[in-house]
Structures are given as C-alpha cells and as structure tokens.
Amino acid sequence: WRHFQRTGDRRFLEKAYPVCREIIAHALATADPDADGYLEGPGLMEQAGMGPERIDSVCQLYAAFQALAGMAEALGEPGADEHLRRAEELKKRFNRDWWNPTVNMWACSLRRDGTHTLDDFWAVVFPQQVGIADLDKAAIALNRIEKEWVNEEWGFVHQWKPKIAGEG
C-alpha cells in the first residue's frame, strides 16, 4: 500500500492486493485459534511469562486492515468498507482489552484468560504509530514514553526500568 502511495504503480497494486488479502485471511485462519481477532504466536518482543497475543501483532493487523481498505478503494474493488469495519472493530476492542488504567500504559501481551502482561517493552509505541490508540490513551502513553523510556545518552530504550540512565 505504501509503495503504491509513493509511486502510483497501479500494476503493482493490482498484483499485490490479492496476495495481501490472502495473507491476512491465512494469518487469521491459522494464528487466531480462539477466534477473538487477536493473532497468537511469537512477536517482536519475547520474554518468559508473556501471553500468546502480542501488542505488535494486533497493531500490525489493524494497519493491514487499513491498508487493505485503501488498496480496495484505489482499485475500485469491493471490500473496502468491510476492511474498514474490521479495523474499527479491532480498534474498539483493542482500546478496551489492552489498556491498563492502573499504570496508564498498554499491555505488551494478553494471556489466554485475557489478563495483561506488563513487560515494559518499547513495543508500547506501536498503538500510537499505527493509529489504533484512542487519542486520550495515545496522549497518556506518549507522555509516559517520552518521560520514562527515553534517556539523553541513547534515546528510546528497549525496556523500561526504574532507572534508564546508561541503558541502550
């Protein structure tokens, strides 16, 4: 989708759109065994005790639905409304299921029972990056990230700790 947005290469988009649609359908069919709309399996951040549903996967799925909608619309294909509906439904559930109001931050993963793991990985930036975060939660998260995940030596640290000075 981004390639098409930058280049206008319609022939590429015509070839890529069906493949992208199939990839998402396959991911949902094989990596969402509980059919809750959240993909399960390893993600970018791994640590013992994390749940099977990862923040990076749900954020990228949302971005994929948005991209599919844009592709369908640009090509005049049916389905744009359905992709947008799925993105909006995912966004609504994400903001309910993944936000932890006690610590004012996103969970890094969900366990099978829906409880959060708060692993403090830098992946908490993804909801803001892809636009799945409600604006009020995004503002709170970005404020915490700026104050607590960024040091003057290295910038954005891999994992939040009480003291991040010297952390790379």
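**Asn 100**

Begin by selecting Asn 100, which counts as buried at 11% relative accessibility. This residue belongs to strand β2. The model on display is a predicted one. With neighbours within four places in sequence set aside, the contacts of Asn 100 are Met 105, His 116 and Leu 118. Next, add Arg 111 to the selection: 11 residues separate Asn 100 from Arg 111 in sequence, and their C-alpha atoms are 14 Å apart in space.

**The whole chain**

Now zoom out and display the protein chain as a cartoon. How many helices and strands does the protein chain have? There are 6 helices and 7 strands. Followed along the sequence, their order is α-α-β-α-α-β-β-β-β-α-α-β-β. A box of roughly 50 × 35 × 25 Å, taken along the principal axes, is filled by the C-alpha atoms of the chain.

Switch to a surface view. The protein chain exposes about 9400 Å², and 54% of that area is supplied by carbon and sulfur atoms. Of the 168 residues in the chain, 45% are buried. Considering contacts between residues at least 6 apart in sequence, 54% of them join residues at least 24 apart.

**The largest nonpolar core**

Return to the cartoon and show side chains in the interior. In soluble globular proteins, nonpolar side chains tend to be buried together. The largest nonpolar core in this model has 47 residues. Select Cys 59, Leu 90, Phe 94, Trp 98 and Trp 106, the members that touch the most other members of this core. Colour next the elements that give two or more residues to the core: α2 (10–31), α3 (55–75), α4 (80–97), β3 (105–106), α5 (126–130) and α6 (135–148). Which element gives the most to this core? It is α3, with 12 residues.

Centre the view on Trp 98. Leaving out residues up to four places away in sequence, Trp 98 touches Tyr 38, Glu 53, Arg 54, Ile 55, Val 58, Met 105, Trp 106, Ala 107, Cys 108, Ser 109, Leu 110 and His 116.

**Arg 54 and Gly 41**

From Trp 98, move to its contact Arg 54. Arg 54 is placed in strand β1 (residues 53–54). Is this residue buried or exposed? Arg 54 is buried, because its relative accessible area is 8%, under the limit of 20%. Apart from neighbours within four places in sequence, Arg 54 is in contact with Leu 39, Gly 41, Pro 42, Gly 43, Met 45, Glu 46, Trp 98, Cys 108 and Ser 109.

Select Gly 41 from this list. Gly 41 is in the loop between α2 and β1. Beyond residues up to four places away in sequence, Gly 41 touches Pro 52 and Arg 54. For a distance across the model, add Asp 97: Gly 41 and Asp 97 are 56 residues apart in sequence and 18 Å apart in space, C-alpha to C-alpha.

**The pair α2 and α3**

Display α2 and α3 by themselves. Two packed helices are described by the angle between their axes and the distance between the axes. Here the axes of α2 and α3 come within 10 Å and cross at roughly 145°. Their crossing is left-handed. To see the contact, show Arg 10, Leu 13, Glu 14, Tyr 17, Cys 20, Arg 21, Ile 24 and Leu 28 on α2, together with Leu 61, Ala 64, Phe 65, Leu 68, Met 71, Ala 72, Ala 74 and Leu 75 on α3. These contact residues comprise 13 nonpolar, no polar and 3 charged.

**Two residues with positive phi**

Proceed to the loops. Most residues other than glycine have a negative phi. Select Asn 104, a residue other than glycine whose phi is positive, near 55°. Asn 104 is found in the loop between β2 (99–100) and β3, and is partly exposed, with a relative accessible area of 31%.

Then select Asp 120, which is not a glycine yet has a positive phi of about 60°. Asp 120 is in the loop between β5 (116–117) and α5. With 23% relative accessibility, Asp 120 counts as partly exposed.

**Last stop: Gln 5**

Finish at Gln 5, in helix α1 (residues 2–7). Gln 5 counts as partly exposed at 47% relative accessibility. Add Gly 70 to the selection: Gln 5 and Gly 70 are 65 residues apart in sequence and 9.5 Å apart in space, C-alpha to C-alpha.

Key. Residues are numbered from 1 along each chain as its sequence is written. This is a predicted model: local features need pLDDT of at least 70, side-chain atom pairs count only at pLDDT 80 or more; totals for chains, interfaces and linings use all residues. Side-chain values use heavy atoms; hydrogens and water are left out. A nonpolar core is a set of buried Ala, Val, Leu, Ile, Met, Phe, Trp, Tyr and Cys residues joined through side-chain atoms within 4.5 Å. Buried means under 20% relative accessible area, exposed over 50%, partly exposed in between (1.4 Å probe, protein chains only). Helices (H or I, at least four residues) and strands (E, at least two) are DSSP runs, numbered from the N terminus. Contact means heavy atoms within 4.5 Å. Axes are lines fitted to C-alpha atoms, for helices over the stretch in contact, and angles run from 0 to 180 degrees between N-to-C directions. A crossing is left-handed if the near helix is turned anticlockwise from the far one by less than a right angle, and right-handed if clockwise. Ala, Val, Leu, Ile, Met, Phe, Trp, Tyr, Cys and Pro count as nonpolar, Asp, Glu, Lys and Arg as charged, and the others, Gly among them, as polar. Accessible areas come from the Shrake-Rupley method with a 1.4 Å probe; for residues, only the protein chains shown count as cover.
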